[in-house]
Amino acid sequence: MLCYQNLADMVKISFDEWLIELDEKSHPRSMMVEVTTRCNFSCIHCFRFSLHGRLRLGDMSRAMYRRVLDEASRIGVKKLIISGWGEPMVHPDILWMVEEAKSNRLEVNLNTNGYLIGDYADTLWKLKLDELTVSIDSPDPLLYERIRSGGDLESVSKGLERIKQLKIENLSAKPRVNIHFTLSALNSHLVESMLDYASHIGACNLIISNYIATSREDEVFSLIGRLDYRELFLKLGRLAFSANVNVIKPCMDISAHARCPFMESRALYVRWDGTIAPCINYAHPWTPTVKGIRRWIESVTFGDLQIGSLRSIWMDENYARLRFKVKTWRFPSCLDCNLGNYCSYTLTNESDCWGNTPTCSHCPYARGITYCPL
């Protein structure tokens, strides 16, 4: 684990001929909160299978969650995304968590595999949940169960149909529903059918994300850089008008300009134990594989809410410097570098050939090839 904790009174960054000072009023606008690392599914593409070391299983306590909300309200956070490396709806206090966040006037987005939506649909609507993002990788029940082991598409669909019914009966626009579809060689032929499914359950967005392999052997299922989906995506764009569903497409070109969703949203990641990470990619140690290169990613943290305030962590000098570098993208481009197969720097996130420590030079989320759940 790479840890940084060096609070400075005022952060100043030298950039060429300029001296840039962090605004003392700087604060996060959004935060992703990992309320649990437990999950009721065992999806074949889950990045939990690429962990090195053991993922500590646990649920965020009520006391820690209250601390998170108090800190968020105090410094001006506006949006809470309940997501992370576990399934939020298996947390026994998930409805209380949504209610507490809404009572703190936060916009709340709940990311889920959807299995328990049917049990909680009426309450989530009454609590005025703002957004519901559900991961569904096939409209075909048999393939769905193959990809999402432990899941049942019928149960998910019934829950979503109940949400749709409540919205229609009460002339309500919320919660906005998004369908997250992980594109792979297993389900690429069903993308158009997935758009029909999204339209049927009243989704606002169909979010298509590339599968990130968890090993070199599994990369056979990844479509990154292998096929040209331009025609399919153009067709989906046309079909989206009649389906009344917006289609958010992944970037299939790994040489695209990098843009970090966390930094653009001024967001941070709160792990279930109160530790702060800069993003979901660096929340836990894992080993993604892209274009045959398996990378050893260590978790990166900048503080702990059990011993420090959210403001002090956000204003930490090393954390602020990382945000500046990512915002201005002061990193090499590892994913399309022609030396990638020979370079030792690219094998970890510890440092890169430009001297950055840590480095974000090979982040799949920043390139838009996979969906960041912000």
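Which element gives the most to the lining of the second largest pocket? The analysis rests on a predicted model, in which local features need pLDDT of at least 70 and side-chain atom pairs count only at pLDDT 80 or more, while totals for chains, interfaces and linings use all residues. Residues are numbered from 1 along each chain as its sequence is written, and side-chain values use heavy atoms, with hydrogens and water left out.

The largest pocket (an open set of points on a 1 Å grid over the protein atoms alone, where a 1.4 Å probe fits, with protein on both sides within 12 Å along at least five of seven lines) has a volume of about 420 Å³, a volume being the space filled by probe spheres set on points joined across faces, edges and corners. Its lining, made up of residues with an atom within 4 Å of a point, comprises 24 residues, of which I248, P261, T370, Y371 and C372 lie nearest the centre. Strand 11 (205-210) and helix 8 (261-264) each supply at least two lining residues, helices (H or I, at least four residues) and strands (E, at least two) being DSSP runs numbered from the N terminus. The largest share, four residues, comes from strand 11.

The second largest pocket, with a volume of about 360 Å³, is lined by 16 residues, and L22, A320, R323, F324 and K327 are those nearest its centre. Two or more residues of this lining come from each of strand 3 (18-21) and helix 10 (317-327), and it is helix 10 that gives the most, with four residues.
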